[in-house]
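Reader: I am new to this structure and would be grateful for a guided account. May I see the sequence and the model before putting my questions?

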Amino acid sequence: MSVPRWWKIEDQSEYETLFNHLFTYDVSSPSFLRWKNPRKQGMKPGDVAGNYKNNDCFQVCYDGEKYKVHHVIWIMHGNTIPRPYFVRHRDEDTTNNKLENLYLVSTADLNLRRQGFGTSSTRGIHFDKSRNKWCAEYYLNRKKIFIGRFATEQEALLALNAKLAKLPRHRAF
């Protein structure tokens, strides 16, 4: 995976300025970006910026560099992407680049979501054989937070989602 250019510098404000000069945030656009000052021949202001690549996400190209549109939108609105964080979509729909659908996630949190889940298909839920119950728990700042034991996996999932929804950086599973 290539490292985004803005990770290599401390001050990302120059990218904010550049992106705001090049693009307009527009929710009616499929990518949520339109060109304000296009550089390619045949493009004009108001054209949709970006292409959907490899069923991954929208990307725009400028001066030979490819940028993920959700990163561009995040930075355009005065936010930064510190290392080792990534911008993700809350609803996991990579075509939904609304600003309120974007959030930062650390590399560690991202890797935790990719790991295997044990007895449940959901991270944070496991079956306690000794008590014959489903347990719900999560980690916050490297401390285990126990939510409770439940008769069904679904009840444990509902309790976990309710608890995680109250946390600022986390999303429900």
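The questions below concern the sheet and the helices of this predicted model.

Reader: In what order do the strands of the open sheet lie?

Author: The open sheet has 3 strands, and their pairing is antiparallel. From one strand to the next, the twist averages 45 degrees. The order is β3-β4-β5.

Reader: Which strands stand at the edges of the sheet?

Author: An edge strand here has a single partner strand, so one side of it is left without a neighbour in the sheet. This applies to residues 51-53 and to residues 65-68, that is, to β3 and β5.

Reader: Which residue in β5 is the bridge partner of Q59?

Author: Strand β4, residues 57-62, pairs with β5 in the antiparallel sense over 4 bridges. For Q59, the bridge partner in β5 is K68.

Reader: What angle does the direction of helix α2 make with that of β5?

Author: Helix α2 comprises residues 69-76 and packs on the sheet. The helix touches both β4 and β5. Its direction and that of β5 make an angle of about 75 degrees.

Reader: How is α1 oriented relative to α2?

Author: The axes of α1, residues 13-22, and α2 come within 8 Å. They cross at roughly 105 degrees. Because angles of 65 to 115 degrees count as such, α1 is to α2 roughly perpendicular.

Reader: How many residues of the contact of α1 with α2 are nonpolar?

Author: From α1, the residues Y15, E16, F19 and N20 take part, meeting V72, I75 and M76 in α2. Of the residues in this contact, 1 is polar and 1 is charged. The number of nonpolar residues is 5.

Key
Residues numbered from 1 in each chain as written. Predicted model: local features only at pLDDT ≥ 70, side-chain atom pairs only at ≥ 80, totals over all residues. Heavy atoms only, no water. Pairing = 2+ DSSP bridges. Helix = DSSP H or I, 4+ residues; strand = E, 2+ residues; numbered from the N terminus. Axes fitted to C-alpha atoms, helices over the stretch in contact; angles between N-to-C directions. Contact = heavy atoms within 4.5 Å. Parallel < 35°, antiparallel > 145°, perpendicular 65-115°, else oblique. Nonpolar A, V, L, I, M, F, W, Y, C, P; charged D, E, K, R; others polar.
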